[in-house]
Amino acid sequence: MFINVCECFQKISGIAAIGILKTCTPIAVLSEAPGRFSVPAAAMSRARNIRAVIFDVDGTLLDTEGLSTIAINKSVAHLTTQECDWSLKKKLLGRKTLGPEGWCRVCIDELDLRGKITEEELGAAWERNLKPLYADVKALPGVTALVEHLAASNIPMAIATSSSSTAMAEKRKPHQELFEKCAQIAVTGNDPELRRGKPFPDIFLLALARLNEKLQRDAADSFVPIQPEECMVFEDAESGVQAGVAANMFTVAIPQALFTEEERCKRFHQASLLLHSMADFDPSTAGLPPYSREI
């Protein structure tokens, strides 16, 4: 039975996986087993064509968002008694560090720090304070299993993150094996070829273009370039979901747990699929090779 997504959040708080279209019509049907879902035929026609997967990093692959907030607050503690709480953090998720759409600009404006610190100074202080914390960052539930499964199934993967290349290099260190598998291509927020950050589609389209170039080099002459609609994107941020949808990619949203069910419905209604955790994702229901065993 299909469930109206705008009503289900108010009625069923224990459901682990809900999929929706732009019209708030779900593409996923909830099964009786908690955390499992199936995709009806209308959506399967597109999902079955998935040939590549692109991952966001912070809050999607790695549990970094809490540590990021700690680093922000440490960076501004000498300037204000205000803190970056959840109401502010929601506005920063998925953004590049610097630039018109960067989180530093939003943070400075929201905390009334204009004239006390520049965006560049805040970004540099944040990276300094965050660097010692990277060693404690864990992969989120379901991530390692899915990445290893996709790698074993020869599904091309790429990374598209708003983090800088310097920050990304630090995050990779404790998780080398994971990123060797899923970061065949990695596009970061300060990439010189990246004109606009999320919510614009540029970062995902650039990641796909580079992935196609790599696959073309490695493959025979018969290689057919992967199209945007043949890509699946995993994102945790509203701006990232908007970017994936704008890129015409099958976009899976896994919002931060602090979002209320009502916020999930309102903020992530564009997503092709909405989950509570990557551990709830069943590749076989989205056109990808099935797990060979129960995960």
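# A first look at this predicted protein chain

Welcome to this structure: the protein chain folds into 12 helices and nine strands. Please keep in mind that this is a predicted model. Below you will find the chain as a whole, then one buried leucine, one helix and the enclosed spaces.

**The chain as a whole**

- The protein chain has 295 residues, and 54% of them are buried.
- Among contacts in the protein chain with a separation of 6 or more, 65% join residues that sit 24 or more positions apart.
- About 13,300 Å² of the protein chain is exposed, with carbon and sulfur atoms supplying 52% of that area.

**A closer look at L211**

- To find L211, go to helix α10, which covers residues 202-218.
- L211 counts as buried because its relative accessibility is 0%, and the cut-off for buried is under 20%.
- Setting aside neighbours within four places in sequence, L211 is in contact with A52, P156, M157, A158, Q184 and I185.
- Although L211 and A183 are 28 residues apart along the chain, 9.9 Å separates their C-alpha atoms.

**Helix α11 and its surroundings**

- Helix α11 takes in residues 238-246, and its buried residues are S239, G240, V241, A243, G244 and V245.
- The cover over these buried residues of α11 includes helix α10 as well as two strands, β7 (231-235) and β8 (250-253).
- That brings us back to α10, the helix where L211 is found.
- Just after α11 comes N248, which takes a positive phi of about 65 degrees.

**Enclosed spaces**

- Rolling a probe the size of a water molecule over the atoms shows where empty space is left.
- In this model, two cavities of 30 Å³ or more are counted.
- The largest cavity holds about 260 Å³ of space.
- Its lining is made up of 21 residues, and those nearest the centre of the largest cavity are D58, E65, G94, R95 and S163.
- Sorted by class, the lining of the largest cavity has seven nonpolar, seven polar and seven charged residues.
- Three helices, α3 (65-76), α4 (86-92) and α6 (119-130), each supply at least two residues of this lining.
- Helix α3 gives the largest share of the lining of the largest cavity, with three residues.

Definitions and conventions. Residues numbered from 1 in each chain as written. Predicted model: local features only at pLDDT ≥ 70, side-chain atom pairs only at ≥ 80, totals over all residues. Heavy atoms only, no water. Helix = DSSP H or I, 4+ residues; strand = E, 2+ residues; numbered from the N terminus. Buried < 20%, exposed > 50% of the residue type's maximum accessible area, 1.4 Å probe, protein only. Contact = heavy atoms within 4.5 Å. Areas by Shrake-Rupley, 256 points an atom, 1.4 Å probe, with all protein chains shown as cover. 1 Å grid on protein atoms, 1.4 Å probe; cavity = no way out; pocket = protein on both sides within 12 Å on 5 of 7 lines; lining within 4 Å. Points joined across faces, edges and corners; volume = space filled by probe spheres on them. Nonpolar A, V, L, I, M, F, W, Y, C, P; charged D, E, K, R; others polar.
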